[in-house]
Amino acid sequence: MTEVATSDQLLVVIDPVARRTDGESVRIAKDVLSAGAATKVCLPEGPEEFARVLARRGSRRPVVVGDDRALLRAVSLLHRQRELAGCVLSFVPVGGVFSVARSLGVPTGAVAAARTVLDGVERRLDLLVDDSDGVVLGALRIPALPVLPEGEPVEDSPAHPWLRTCQSLVRTLVPARPPRTAPDPGPRPSRLRVEVDGVLLVDLDQPVETVSVTPGASGTAAVSVRPLSVGAEASPLEAWGRTVTVSGADFRYRADSGVGGPVRRRTWTVWEGALGLTLPGQ
C-alpha cells in the first residue's frame, strides 16, 4: 500500500459512453479532479483513440472515467504494453455497469471516486491472465451450455454466404410451425477437464454445472467446480492454485463484463500484484 502523491499530474480519459449517458456526473468528476490537481482532459471517440491517448500519457497518472468496459480496456492496453508494473491507474465509475469496479473496492459515486483519485492509496491487486493475453479483473465463470429447441438450426459462422442466403429463403417460404408446448429443459451440463497447478480436479467423465475462478490476494486463485447434482445438491469441488487449465468440447466463459470463446482449451495464470489501482485509504 502506497500513498498517491497529490502533486501528480493527471490524464483524465473520459469514455464516450460516460459522456453520452451521464454528462452531469462527468462534469462533477472533472470539477473535483481539476480543483485538486493539474489535469489534462481527453475525450476519445472510440477504442483506437482511447488507446492512442493512453499510450501518449507521458508522466501523467491516468484516470479513466467510464464503466467496467472502459476500466477493462485500460487495464488490457497497459498489460499488453507491459506497463502495468510501473503505472498507477485511477478510475471514476460513470455511465453504465460498474459491478467489477465495485468488487475491486472503487467507490461508485462520482464525487467519492474523484476524491479517492486525489487522496487515496495505491493497492496492488492480482489479475488473471489467459494464454491469449486476455485479462480478467474479477470473477471468471464457465456456465452450463444452453439447450436449443428441437429442430432449431445452429448458426454456422464458417458457412458460405450463398448457403446462409438459401437457408434464409427456405425459412421464409416454409410455413412456420406452431410453438412447442414442451417445458424448457434448461441448460445441459458441461463435460470439462479442470486442472489446478497441474493437478486434476475434475475430468470429462463427470458432468459439471459451473466452474468459477476468482483471483485472491496472495498470488493464487480460488477454483470452484459444481458437479451435476442428482437429487440432493452436490458439494462443490474446491482448490487454490496459480494456474488453472480448462479443456473439453467447445466452451464459452464469462469474464468481467464480456463473454469469451468458444475454445477447447484455455489456461489462466494469476499475476500477483499486477494492477496498481487507487483505492480509499483505511
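1. A nonpolar core is a set of buried Ala, Val, Leu, Ile, Met, Phe, Trp, Tyr and Cys residues joined through side-chain atoms within 4.5 Å. The model here is a predicted one, and its largest nonpolar core has 33 residues. Leu 71, Val 75, Leu 89, Leu 127, Leu 137, Leu 275 and Leu 277 are the members with the most contacts inside that core. At least two core residues come from each of S2, helix H3 (47-55), helix H4 (68-80), S5, helix H5 (99-104), strand S6 (121-130) and strand S15 (258-279). H4 supplies the largest share, 7 residues. As background, nonpolar side chains tend to be buried together in soluble globular proteins.

2. Leu 127 is worth a look as one of the residues with the most contacts in the largest core. Leaving aside neighbours within four places in sequence, Leu 127 is in contact with Val 75, Leu 84, Val 135, Val 136, Leu 137, Thr 269, Val 270, Trp 271, Ala 274 and Leu 275. Apart from the largest core lies another core, of 23 residues. Val 136, Ala 239, Phe 251 and Val 270 are among the residues of this other core.

3. Helix H2 covers residues 23-36, 14 residues in total. From its first C-alpha to its last, H2 reaches 20 Å, close to the 20 Å expected at 1.5 Å a residue. Its buried residues are Ser 25, Val 26, Ala 29, Val 32 and Leu 33. These five buried residues lie on the same side of H2, because they cover an arc of only 130° around the axis. The cover over them includes strand S2 (10-14), helix H1 (16-21), strand S3 (39-42), strand S4 (61-66), strand S5 (88-93) and helix H6 (110-119).

4. On internal space: the structure holds 1 cavity of 30 Å³ or more. About 30 Å³ of space lies in the largest cavity. Its lining is made by Ser 90, Phe 91, Val 106, Pro 107, Ala 113, Thr 116, Val 117 and Thr 278. S5 and H6 are the elements that give two or more residues to this lining, and H6 gives the most, with 3 residues.

5. Asp 15 sits in the loop between S2 and H1. Is this residue, Asp 15, buried or exposed? Asp 15 has a relative accessible area of 4%, and the limit for buried is under 20%, so Asp 15 counts as buried. Not counting residues up to four places away in sequence, Asp 15 touches Phe 50, Val 65, Gly 66, Ala 70 and Arg 73.

6. Some backbone geometry should be checked by eye. Most residues other than glycine have a negative phi, and most peptide bonds are trans. Arg 82, which is not a glycine, has a positive phi of about 55°. Arg 82 lies in the loop between H4 and S5. Asp 197 also is not a glycine and has a positive phi, of about 50°. The loop that holds Asp 197 runs between strand S9 (192-196) and strand S10 (199-202). With 43% relative accessibility, Asp 197 counts as partly exposed.

7. The remaining point concerns a peptide bond. Gly 261 and Pro 262 are joined by a cis peptide bond, with omega about 5°. Pro 262 belongs to strand S15, one of the elements that supply at least two residues to the largest core.

Notes. Residues numbered from 1 in each chain as written. Predicted model: local features only at pLDDT ≥ 70, side-chain atom pairs only at ≥ 80, totals over all residues. Heavy atoms only, no water. Helix = DSSP H or I, 4+ residues; strand = E, 2+ residues; numbered from the N terminus. Expected span 1.5 Å × (residues − 1). Buried < 20%, exposed > 50% of the residue type's maximum accessible area, 1.4 Å probe, protein only. Arc of directions from axis to C-beta. Contact = heavy atoms within 4.5 Å. 1 Å grid on protein atoms, 1.4 Å probe; cavity = no way out; pocket = protein on both sides within 12 Å on 5 of 7 lines; lining within 4 Å. Points joined across faces, edges and corners; volume = space filled by probe spheres on them.
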